[in-house]
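This report describes the metal sites, the ligand contacts and the charged side-chain pairs of one model, and gives the cut-off for each term where the term comes in.

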Amino acid sequence: MIDLHTHSLASDGTDTPGELINKAHASGITVLGLMDHDTVAGWDEATMYLRPGMSLVLGSEISCQTLDGTSVHMLGMLFDRDNSALSEVLATTRDNRLTRMNRIIARLNEAGYEISIEDVLAQLAPGATLGRPHLADALIAKKLVASRDEAFAELLHNNSKYYISHYSPTPEDAIKLIKQAGGVAVIAHPLASLRGRTINIESFKSMVEAGLDGIEISHRDQSEDERELLREVVARYGIIATGSSDYHGNGKLNELAEFTTKPEDFEALETRADARRVVRK
Ligand code: AMP
Ligand code: ZN
Ligand code: FE
Ligand code: FE
């Protein structure tokens, strides 16, 4: 089984990279993608704990924003971590996430929620990418909400009055950076409309021109109608379809391998990278 999109404590998942490898192994996953938000911080530990017979696809889920302000997540897989242009953009995004968190907290404080940046940073593993799920965890610790899900539903969702975005590249720029770093670019859950505003079908053209390699179609946040639209886009442009769990440990309901990628689709993706970078043991 091939699950190309999971998260660890290096961002907003709740398993260490080593625990994630062990759970993936126990679930029968043979190819695992580690896609922590805007970072490569979990790569070394995941590589260290990799089990014989398993393949590891190292990457990152890169936060992007279109020029009209729509949030997009771009999976960059199998890129060269030493590429400076890409690492600098990821570092800028991570820095900006701290400024943005302070601004969200200021809005919550004004509305009477007593929460501080220290409370939020206490929820973060060392070196991890800061995100709204850590703010959710801080609100849970203060008994202001019961779960991450409730925190997002009531306070932290993209259309909330407390919501603030952070610096992010455009999807096209992120694709170009990933490709220049030798990797492959797969747009994550592009039509997951429950999460807020999504891109329209016309915008795939410029992303394909920028080098988009694939679309994550099978994902719990996309309906069957949305998947059907995406299958048409994949066929129209001759790109690759993937499916994945977007597992976050116990921070979300998503179970490992609840959706998977077909072996032939994974092979096609792998050959689009400029070097053999899948880690095998
Ligand atoms: P941020 O990266 O700070 O913009 O936060 C977005 C992240 O929050 C997403 O990538 C998800 O991992 C997570 N998220 C979104 N909605 C929920 C939810 N309802 N429950 C738990 N986590 C969520
Ligand atoms: Zn996440
Ligand atoms: Fe995402
Ligand atoms: Fe994700």
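A salt bridge is counted when a side-chain nitrogen of Lys or Arg lies within 4 Å of a carboxyl oxygen of Asp or Glu. This is a predicted model, in which local features need pLDDT of at least 70 and side-chain atom pairs count only at pLDDT 80 or more, while totals for chains, interfaces and linings use all residues. Residues are numbered from 1 along each chain as its sequence is written, chains are lettered from A and ligands numbered from 1 in the order in which they are written, and side-chain values use heavy atoms, with hydrogens and water left out.

**Salt bridges**

The structure holds 16 salt bridges, among them the following three.

| Pair | N to O distance |
|---|---|
| Asp119 and Lys142 | 3.4 Å |
| Asp137 and Arg148 | 2.8 Å |
| Asp213 and Arg272 | 3.0 Å |

Asp213 lies in the loop between helix H8 (204–210) and strand E6 (214–218), and Arg272 in the loop between H10 and strand E8 (279–280), so this pair ties together parts that are 59 residues apart in sequence. Helices (H or I, at least four residues) and strands (E, at least two) are DSSP runs, numbered from the N terminus. Asp213 is buried, with a relative accessible area of 2%, whereas Arg272, at 34% relative accessibility, counts as partly exposed; buried means under 20% relative accessible area, exposed over 50%, and partly exposed in between, with a 1.4 Å probe and protein chains only. Lys179 joins Asp213 and Arg272 in a network of salt bridges.

In the pair of Asp137 and Arg148, both residues are buried.

**Iron sites**

Donors are N, O and S atoms within 2.8 Å of the metal (3.2 Å for Na, K and Ca), and water is not among the atoms, so sites may look incomplete. Around the iron ion (ligand 4), the coordinating residues are His5 (NE2), His7 (NE2), Glu61 (OE) and Asp246 (OD), at 2.0 to 2.2 Å. The four donor atoms subtend angles of 77 to 164 degrees at this ion, which makes the arrangement irregular. Four donors count as tetrahedral if all angles lie between 85 and 135 degrees; four count as square planar and six as octahedral if opposite donors are over 155 degrees apart and all others between 65 and 115; anything else is irregular. The iron ion (ligand 4) is separated from the zinc ion (ligand 2) by 4.4 Å. Two of its donor residues are buried, His5 at 0% relative accessibility and Asp246 at 1%.

The iron ion (ligand 3) is coordinated by Glu61 (OE), His73 (ND1) and His189 (NE2), again at 2.0 to 2.2 Å. Glu61 lies in strand E3 (residues 55–65) and His73 in strand E4 (residues 71–77), so they tie together parts that are twelve residues apart in sequence. Glu61 is buried at a relative accessible area of 1%, and His73 is buried at 17%. Between the iron ion (ligand 3) and the zinc ion (ligand 2) the separation is 5.7 Å.

**Surroundings of ligand 1**

Of the 14 residues around ligand 1, those that come nearest are His37, Arg100, Arg132, Asp149 and His248, where a residue is near if one of its heavy atoms lies within 4 Å. A polar side-chain atom of His248 lies 2.7 Å from an oxygen atom of ligand 1, and one of His37 lies 3.2 Å from an oxygen atom of that ligand.

Conventions:
A polar contact is a pair of N or O atoms within 3.5 Å; within protein, one must be able to donate a hydrogen and the other to accept it, and residues adjacent in sequence count only if both atoms are side-chain atoms.
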